[in-house]
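Here are my notes for you to read with the model open beside them. Take the points one at a time and find each residue as you go.

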Amino acid sequence: MITSLGRFAALLGTVTACGEPQRPPAAPPPVVVAAPAAEDLTAAVEAVRAAEKLPAVGVAIWKHGTLVAKGVSGVRAAGDPTPVTFDDQWHLGSDTKAMTAALIGIYVDRGVLHWTDTLATLFSGETIDPGYANVTLDQVLQHRSGAPGKPPDALWAALWRNAPDARIAFVRGILAQPPAQAPGTFVYSNAGYMIAGAALERATKQTWETLIARDLFAPLHMRSCGFGAPGTATAVDQPRGHTADGTAVPPGPKADNPPALGPAGTVHCSLADWGAFLSFEAAPATPLVTAATRTHLHTPPPDGNPDQAYMGGWLIVRLTPGDTRYIHEGSNTMWHAIGLVVPALDMAVAVVANQDDNNLLTAIAPVVSPFLKR
């Protein structure tokens with residue numbers, strides 16, 4: 001899920017002092033100072049939840065990897081009094097894409113994949129339409145591969161059968177047909193990120209689910225992460241997604257997209273664990289990927305159109321030479337998640353709701369924007 005920059009304007013704001021965040025210099029002997037308690041945003045979050053008529057909303061903000069503000073309000077499921085908690089799990093939808101891109105970056109650093117690998121190389125031995133043959137992994141991660149924005153009905157229906165080879169079967173079906181538009185043209189595509197995930201699986205002989213859990217979630221201590229709707233169908237032990245009419249949907253086949261969609265959008269996790277990933281994206285450096293890979297994942301092609309400045313699971317917005325921000329929305333139509341990363345402040349913001357709401361970004365902006373000015 002992605003929208004135009006116009007919708008993001010209120011939340012993006014500006015940074016007063018641009019450039020790299022200034023960290024306190026190391027000085028022996030170290031002085032241990034207890035981290036201040038995170039600012040309580042519960043009242044402000046409740047006001048947004050009530051105004052938007054949502055079952056529950058959560059917000060969390062980190063600077064330098066430290067939680068500085070948080071608030072959750074509402075119930076896990078309509079018709080059930082169980083309140084949401086900060087430790088509850090939320091479906092992230094298409095915000096999964098940035099995780100998939102980071103995972104691919106790890107394997108680029110290991111020499112298993114290369115940004116310039118073509119689909120003909122990545123899927124050697126498969127039937128590839130000539131229009132896809134020279135498309136690169138980079139173009140796939142930029143939504144410029146030619147993959148369709150809406151997959152063919154027959155291929156989509158086959159995903160619901162959830163066979164063990166559903167993901168690669170879907171990708172084979174896409175690549176055997178001519179591109180939906182000329183490669184190089186921006187069209188937001190879940191199918192494209194399924195292609196990226198399948199390419200990684202072919203290169204490693206392991207599933208995307210195994211790889212992301214071992215190589216991204218584990219190093220970042222994201223212990224609550226999983227796939228599909230969180231919780232169990234027999235108890236309201238986690239928030240449930242809700243349809244447009246406010247009906248709670250228990251975990252199961254009707255609560256999410258097909259599992260094969262995984263690399264494009266099936267991860268769930270707690271706010272704290274999502275914050276670990278968002279803070280990884282915001283930090284000046286990380287041991288998980290090289291500086292070159294980190295820069296590459298955050299550099300879109302220079303096409304001059306800000307609404308198409310997309311790379312690595314992020315809409316990338318350059319406000320000033322020292323202030324570039326990454327933002328993305330995700331939804332499987334029953335949840336809503338918004339991630340914002342501000343490297344100039346080493347700051348990350350997570351916004352979640354257990355019902356889709358196209359107005360959530362605008363509604364939550366007054367709660368978040370003051371932190372962008374501190």
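**Notes on the model**

1. Let's start with a loop residue. Asparagine 162 counts as partly exposed because its relative accessible area is 44% (buried means under 20% relative accessible area, exposed over 50%, and partly exposed in between, with a 1.4 Å probe and protein chains only). You'll find asparagine 162 in the loop between α7 and α8 (helices are DSSP runs of H or I with at least four residues, strands are E runs of at least two, and both are numbered from the N terminus). Its phi is near 55°, a positive value in a residue other than glycine. For background, most residues other than glycine have a negative phi.

2. A word on the ground rules. This is a predicted model, where local features need pLDDT of at least 70 and side-chain atom pairs count only at pLDDT 80 or more, while totals for chains, interfaces and linings use all residues. Residues are numbered from 1 along each chain as its sequence is written, and side-chain values use heavy atoms, with hydrogens and water left out.

3. Histidine 64 also deserves a look. This residue is not a glycine, yet it has a positive phi of about 55°. It sits in the loop between β2 (56-63) and β3 (66-74). Its relative accessibility is 38%, so histidine 64 counts as partly exposed.

4. Now zoom out. The chain has 14 helices and 13 strands, and buried residues make up 56% of its 374 residues. Take the contacts (heavy atoms within 4.5 Å) between residues at least 6 apart in sequence: 70% of them join residues at least 24 apart. The chain exposes about 15100 Å², with carbon and sulfur atoms supplying 59% of it (areas come from the Shrake-Rupley method with a 1.4 Å probe, and for residues only the protein chains shown count as cover).

5. What is in the largest nonpolar core, and which residues have the most contacts inside it? The core has 83 residues, and those with the most contacts inside it are Met99, Phe123, Trp274 and Phe277 (a nonpolar core is a set of buried Ala, Val, Leu, Ile, Met, Phe, Trp, Tyr and Cys residues joined through side-chain atoms within 4.5 Å). Helix α3 (residues 96-109) gives the most to this core, with nine residues. There is also a second, separate core of 27 residues, which includes Val48, Val317, Leu345 and Leu372. In soluble globular proteins, nonpolar side chains tend to be buried together.

6. Stay with tryptophan 274 for a moment. Leaving out residues up to four places away in sequence, tryptophan 274 touches ten-odd names worth clicking through, including Leu92, Met99, Cys269 and Val352. Valine 352 is in strand β13 (residues 347-353), and it counts as buried because its relative accessibility is 1%. With the same sequence neighbours left out, valine 352 touches Ala56, Val57, Gly58, Trp90, Leu271, Trp274, His336 and Ala337. Valine 352 and histidine 91 are 261 residues apart in sequence but 8.3 Å apart in space, C-alpha to C-alpha.

7. Is helix α14 (residues 360-368) largely enclosed or open? Seven of its nine residues are buried, so α14 is largely enclosed by the rest of the structure. The buried ones are Leu360, Leu361, Ala363, Ile364, Ala365, Val367 and Val368.

8. Next, a helix pair. The axes of α8 (residues 166-175) and α9 (residues 190-204) come within 9 Å and cross at roughly 120° (axes are lines fitted to C-alpha atoms, for helices over the stretch in contact, and angles run from 0 to 180 degrees between N-to-C directions). On the α8 side, the contact includes Phe170 and Val171; on the α9 side, it includes Ala191 and Met194.

9. Alanine 191 is found in helix α9, and at 4% relative accessibility it counts as buried. Leaving aside neighbours within four places in sequence, alanine 191 is in contact with Ala147, Pro148 and Phe170.

10. Last stop: alanine 264, in helix α11 (residues 262-265). This alanine is buried, with a relative accessible area of 1%. Its C-alpha atom and that of asparagine 190 are separated by 5.3 Å, though the two residues are 74 apart along the chain.
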